[in-house]
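The following exercises concern a protein–DNA assembly. Please examine the sequence and the structure before attempting them.

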There are 2 protein chains.
Amino acid sequence: MKKSFRSSCPIASLLDLLGDKWSLLIVRDMIIKHKKTFKEISDSDEGIAPSILSARLKLLESYAIITKRKLPENKKENIYLLTDKGLDLTAIVVEYTLWGDKYMREHNTIDDIPGLDTDKSIMVDTIQNNYRAMVRTIC
Amino acid sequence: MKKSFRSSCPIASLLDLLGDKWSLLIVRDMIIKHKKTFKEISDSDEGIAPSILSARLKLLESYAIITKRKLPENKKENIYLLTDKGLDLTAIVVEYTLWGDKYMREHNTIDDIPGLDTDKSIMVDTIQNNYRAMVRTIC
DNA sequence: AAAATTGCTATCGTTTTAGTAGTAATAATT
DNA sequence: AATTATTACTACTAAAACGATAGCAATTTT
């Protein structure tokens, strides 16, 4: 899994990894909607093509943002879970949500998302705790 | 300036605008490095092609994230400045910096950036205040 | 045993990106 | 005043990425 980086800037380096139209949406599906399988993510509103989803999951896995495993009771489904590193993207996802909620309404219909008036750090903690609780139920 | 949106999700909508490898870097150059002209942004470490920079600046302007103007004393240079909407991307830029600083060092050389241990909201305020002060000196 | 589901890969036309060259207008230099 | 340099682009083409669809193997369900 090769990748080259444009510069030594932390922002540019992160963009070299996740700077496309799909990667953060996959992370969103996992963090917020607790999606865990190829099928669940495929079924999102935005309609990602399987070839793209496949490539992105591989990339995210190669950078240890997600892990891929099978559960003993199902040999068909792969379960994708966020690592701590991946779950640490929550703050970015929250900031995207807040900015999009505030400024994109003039250009597009935007869903109302409850709880956006909560303190940011509490939002981030809540999301991360919910995710970890979900992981505990399946492993 | 046409653009279509994939869904009514605020995150997806923001990604439809800024979800590429360059837009946020341009915003970073403006917010952090106080770059204001086509030339200054062109000269960044990452080496953006002029055709791409031109297209992105037009897009950012069309969504009122930046403005374009000339100063009376120079009829050649265009001055690009962030609007309040654009400056509100500071929190996202800060979160990118923090995540990149924390997790990208194992994959790439990452510059040390002073002040990353400061409280997030103070970082954001400081950056925004510095930017506004800079704008005041030239307008 | 047959049908459906899941998790992909393959293919291919279209779109986007990247790199380079070139140009017009202004500004600086000689 | 004439030449040179700078700025802000646009134009062009090659390369890469994307997007939609089809297809397939391994399971699971019926």
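Two exercises on this predicted model follow, each with a worked solution.

**Exercise 1.** Characterise the protein surface near DNA strand C, and state which polar contacts chain A makes with this strand.

*Solution.*

Step 1. Identify the residues. There are 21 residues around DNA strand C, and those that come nearest are A:Ser54, A:Lys76, A:Tyr80, B:Trp22 and B:Lys75.

Step 2. Classify them. The surface near the strand comprises eight charged, seven nonpolar and six polar residues.

Step 3. Consider the DNA side. Sugar or phosphate accounts for 69% of the strand C atoms within 4 Å of the protein, and bases account for the rest.

Step 4. Examine individual contacts. A:Lys76 places a polar side-chain atom 2.6 Å from a base oxygen of strand C. Phosphate oxygens of this strand are approached by a polar side-chain atom of A:Asn78, at 2.8 Å, and by a backbone N or O atom of A:Lys39, also at 2.8 Å.

Step 5. Assign the elements. Those giving two or more residues to this surface are helix 3 (38-42), helix 4 (50-62) and strand 2 (74-82) in chain A, and helix 4 (50-62) and strand 2 (74-82) in chain B.

**Exercise 2.** Determine what relation superposes chain B on chain A.

*Solution.*

Step 1. Find the operation. Chain B is superposed on chain A by a rotation of 180° with 0.0 Å of shift along the axis, at an RMSD of 0.0 Å.

Step 2. Interpret it. This is therefore the relation of a two-fold axis.

Step 3. Locate the axis. Within chain B, B:Asp20 has the C-alpha nearest the axis, at 2.4 Å.

Step 4. Compare the contact surfaces. Both copies use the same surface, as 100% of the contact residues of chain B recur in chain A.

Notes:
Residues are numbered from 1 along each chain as its sequence is written. Chains are lettered from A and ligands numbered from 1 in the order in which they are written. This is a predicted model: local features need pLDDT of at least 70, side-chain atom pairs count only at pLDDT 80 or more; totals for chains, interfaces and linings use all residues. Side-chain values use heavy atoms; hydrogens and water are left out. A residue is near a molecule or strand if one of its heavy atoms lies within 4 Å of it. A polar contact is a pair of N or O atoms within 3.5 Å; within protein, one must be able to donate a hydrogen and the other to accept it, and residues adjacent in sequence count only if both atoms are side-chain atoms. Helices (H or I, at least four residues) and strands (E, at least two) are DSSP runs, numbered from the N terminus. Ala, Val, Leu, Ile, Met, Phe, Trp, Tyr, Cys and Pro count as nonpolar, Asp, Glu, Lys and Arg as charged, and the others, Gly among them, as polar. Copies are superposed by least squares on the C-alpha atoms of residues with pLDDT of at least 70 in both. Contact means heavy atoms within 4.5 Å.
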